[in-house]
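I am opening a notebook on a structure that is new to me, and I mean to write down what I look up in the order in which I look it up.

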Amino acid sequence: MKSRNNLIKKIWTYLIIFSITILSFLWLFQVIFLDTYYVWVKTNDMSKIADKIYNNYNTDEFEDILDSLSFEKDVCISIVINDEQTYSSNGFSKGCLSSMESNFAYEKYKIEFINSQKDEAEYRIIDNRYQNQILIICVKLNDSSYAFVSTSLQPLSSTTNILTSQLIYVTILVLILSLLISYFISKKISQPIIKINKNAARMAKGDYDVTFDTDSSISEIVQLSNTLKEAKDELSKTDEIRRELMANISHDLKTPLTMIKAYAEMVRDLTYNDKVKRESNLNTIIEETDRLNLLVNDILELSKMQSNKLALMIQEFDMNDLIKSIIKKFDYLEEQNNYKFNYENNKKLLVKADKKQIEQVIYNLISNAVKYVGEDKQVIINIIDKKDTYRVEISDHGKGIKKDQLDLIWDKYYRTDKTHKRSTSGTGLGLSIVKSILNKHKFDYGVKSILNKGTTFYFEINKK
Ligand code: ADP
């Protein structure tokens with residue numbers, strides 16, 4: 001509620017400042033300087049008329065122009081040539097000085113102007129008939145001709161009075177309106193913010209069921225709620241990964257740990273004197289420790305990958321070199337177990353990707369092919385040169401994967417052969433790591449498999 005009040009106060013202050021500025025201008029122009037402004041506008045108008053007369057002197061339509069000017073602009077024009085008045089607009093404009101008394105005044109400024117030898121002059125005299133001021137603009141047309149344009153200046157005091165009383169009402173109204181408007185604006189802004197704030201506080205406590213939908217039309221508020229929505233999704237994902245990881249780790253670590261404990265106890269209590277049995281027991285312990293190691297590494301790798309902590313370090317490198325160095329790691333299999341790694345490529349394969357992560361992908365796929373290799377013990381690595389990418393295929397002639405399992409093998413901890421879980425070493429995490437890395441690179445990937453014929457995993461990597 002406090003924030004709402006603050007917002008109302010702030011918006012009200014700004015609106016009041018804004019209104020007062022506008023009102024001050026209104027007061028200044030409408031009331032205080034109205035007289036000055038009126039005379040200024042009139043004088044300007046009259047100067048324009050005088051210019052027009054000057055410019056049209058000696059033309060054929062001169063008199064017509066004078067007639068229409070005096071009629072349209074409500075001014076009185078007289079032209080004096082050689083001290084004789086040759087033209088006088090005989091309208092009923094208050095600006096015309098027609099009475100005797102005024103004629104006298106007229107004579108006075110006329111003579112004064114003609115004697116002054118000025119090109120242009122401005123006079124103001126009081127017309128006693130109407131008690132108003134008369135503004136006269138005098139222009140010299142040539143050496144002996146003069147034009148006099150006059151108009152009456154209306155007294156503005158009554159107008160000013162009306163405007164003043166109106167402006168008092170306007171001022172009060174504007175101030176009340178700005179209070180009301182600031183209340184509604186602040187309500188419109190603060191209500192969605194208060195709602196978002198409440199939900200953000202719930203999210204901070206770990207409740208990810210909150211929604212940040214807003215019906216506000218203010219784009220900044222919509223942006224704020226979208227950002228919080230993204231933050232919520234990210235947080236809930238991390239939270240889910242953390243929970244899953246805890247559950248899986250405790251489950252997966254338990255089996256090898258139980259075995260290690262059991263075999264260690266067996267050595268301590270039973271087989272410590274029997275060399276053969278003791279060694280067999282100790283080997284099991286070592287194998288299980290290796291398994292644990294593998295598991296922990298994979299889990300760490302995957303959790304890093306999925307929480308997006310491992311940023312991509314895109315670089316250019318030769319994939320031919322990389323594949324060869326990975327195959328080298330499996331040399332011992334070629335020597336001891338007659339495995340065959342078929343990779344026939346000698347040219348550079350310049351690509352652009354995160355080298356370490358792609359190494360992990362290729363390593364995981366080759367070690368899967370090794371794990372599930374066919375009787376021929378052949379692992380085939382094939383490169384297809386495409387327009388913008390290289391397609392890397394890793395195949396084996398093993399037992400293959402059933403069609404309905406092709407989509408599932410990419411899931412965490414999914415293993416097709418659940419019955420013999422411990423016969424082939426594996427954590428069920430290899431392909432989810434591959435999937436995470438390739439997704440992050442936005443590279444295409446997939447698997448094709450024919451039962452009892454073999455399996456081909458592939459991915460496409462961007463060329464340099
Ligand atoms: P694992 O550690 O069990 O190999 P992966 O995530 O690497 O875990 O693979 C998931 C499952 O996909 C494996 O358990 C296996 O059943 C199947 N799979 C993976 N690669 C192959 C392959 N080349 N041939 C047959 N099955 C495979």
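Before turning to a strand I need a cut-off: a residue counts as buried when its relative accessible area is under 20%, as exposed when it is over 50%, and as partly exposed in between. I also note at the outset that this is a predicted model.

**Entry 1: strand β4 and its partners**

I began with strand β4, residues 132–140, and found it mostly covered, since eight of its nine residues are buried. I then looked up what β4 pairs with, and the list gave me strand β3 (residues 120–127), which runs antiparallel to β4 over eight bridges, and strand β5 (residues 145–153), which is also joined to β4 by eight bridges in the antiparallel sense. For the β3 pairing I noted one bridge in particular, that between isoleucine 126 and glutamine 133 of β4. On the β5 side, I found cysteine 138 opposite phenylalanine 148.

The link from β4 to β5 is a hairpin through four residues, and asparagine 142 has its place in that loop. Is asparagine 142 buried, exposed or partly exposed? I have it as partly exposed, because its relative accessibility is 31%, which falls between the two cut-offs. I also checked a distance across the sequence: asparagine 142 and tyrosine 57 are 85 residues apart in the chain, yet their C-alpha atoms are 9.3 Å apart in space.

**Entry 2: cysteine 138**

I returned to cysteine 138 to ask about disulfides, for which two cysteine sulfur atoms must lie within 2.5 Å. By this rule I count zero disulfides. Cysteine 138 is therefore in none, as the nearest cysteine sulfur, that of cysteine 76, is 13 Å away, well outside the 2.5 Å cut-off. Cysteine 138 is also buried, because its relative accessible area is 0%.

**Entry 3: domains and cores**

I next looked up the domain assignment, which gives domain 1 (2–32 + 159–204), domain 2 (34–155), domain 3 (219–304) and domain 4 (312–462). The C-alpha centres of domain 1 and domain 4 lie 68 Å apart.

Which residues have the most contacts inside the largest nonpolar core? This core has 52 residues, and the ones I was looking for are Met319, Ile358, Ile362, Ile366, Ile394, Phe459 and Ile461. Its largest share, seven residues, comes from helix α10, residues 355–371, and the core draws at least three residues from each of domain 3 and domain 4. I followed methionine 319 further and, leaving aside neighbours within four places in sequence, found it in contact with Leu349, Val351, Ile362, Ile383, Tyr390, Val392 and Ile461. Apart from this core lies another, of 27 residues, which includes Ala50, Leu69, Val149 and Leu167.

**Entry 4: a sheet of five strands**

Last, I traced an open sheet of five strands, which come in the order β7-β9-β10-β12-β11 with mixed pairing. Its edge strands are β7 (340–343) and β11 (445–450), each of which pairs on one side only. From one strand to the next the twist averages 15°. At the β11 edge I looked up the partner, strand β12 (residues 454–462), and found that the two pair antiparallel over six bridges. One of the residues I checked there was valine 447, whose bridge partner in β12 is phenylalanine 457.

Definitions and conventions:
Residues numbered from 1 in each chain as written. Predicted model: local features only at pLDDT ≥ 70, side-chain atom pairs only at ≥ 80, totals over all residues. Heavy atoms only, no water. Buried < 20%, exposed > 50% of the residue type's maximum accessible area, 1.4 Å probe, protein only. Pairing = 2+ DSSP bridges. Axes fitted to C-alpha atoms, helices over the stretch in contact; angles between N-to-C directions. Domains from an automatic or database assignment. Core = buried A, V, L, I, M, F, W, Y, C linked by side-chain atoms within 4.5 Å. Contact = heavy atoms within 4.5 Å.
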